[in-house]
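Student: Before I trust any labels here, can we go through what earns each one?
Tutor: Sure, let's have a look.

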Amino acid sequence: FVLSTMYTAKLTTLSYILCVPYALIIVIGAAIKLKNGVRPTSEGIVTLIGYLLLFASQFYEAVLGRQVQSVTRNGTAPIFMLIFVMLIAASIGMGISRRERELEESRRQSAVLEQLNLLKNDFLHRVAHELRTPLTVMSGYAQLTERQILRSTTDEKTIEHLKIISSEAKRLSDLVSKLTEMLKGRTEPPEMRRVD
């Protein structure tokens, strides 16, 4: 639609007035982020420069619009609007590139975490096996000893079975103690190797 010059001037003045609080919000938000230690991104800086240039051109045109002949005739807003659009496009491109790098890093970390999860599962499987072995030995010798006691046929083997149960219980206790110490970070992790 077409407005008369009088209404266009009022509309332009209103837009300048409305831009001031918006510009203040941007500046205050950036200051708060800087105060909180948030490092500005390169695309944020480019966007801020674009807005500052656009605001400066609008302000320059409003102040010098009737005082300087070339500003009155040609205006400065179109060229600065073009620069603003190019800066915003560059900022968007930089943001997309940064997000792609972050996504790639996230994928790499996901692969590392998946590998660590496999190692953890393998470790837990080995720990369960190592804990189960003494329990199986203890259970077997305890059953043999129980049968001998029920039959009242205790002999040297009964004492030997009790010694085996005792040594396997100690072995199991040592394994649990080492595992507890390792989980608390007090000892070096055990070396994994093949055994007969």
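Tutor: First, a polar contact is a pair of N or O atoms within 3.5 Å; within protein, one must be able to donate a hydrogen and the other to accept it, and residues adjacent in sequence count only if both atoms are side-chain atoms. Keep in mind that this is a predicted model: local features need pLDDT of at least 70, side-chain atom pairs count only at pLDDT 80 or more, and totals for chains, interfaces and linings use all residues. Residues are numbered from 1 along each chain, and side-chain values use heavy atoms, with hydrogens and water left out.

Student: What makes D155 a cap of α5?
Tutor: A side-chain oxygen of D155 lies 3.1 Å from the backbone nitrogen of K157, at the N-terminal end of α5. The cut-off is 3.5 Å, so the pair qualifies.

Student: Why is α5 called a helix?
Tutor: Helices are DSSP runs (H or I, at least four residues; strands are E, at least two), numbered from the N terminus. Helix α5 has 28 residues, 156–183, so the run is long enough. The expected span is 1.5 Å times one less than the number of residues. That gives 40 Å for α5, and its end C-alpha atoms are 41 Å apart, which agrees.

Student: Which residues of α5 are buried?
Tutor: T158, H161, I165, E168, L172 and M182. Buried means under 20% relative accessible area (exposed is over 50%, partly exposed in between; 1.4 Å probe, protein chains only).

Student: How many helices and strands does the chain have?
Tutor: Five helices and zero strands.
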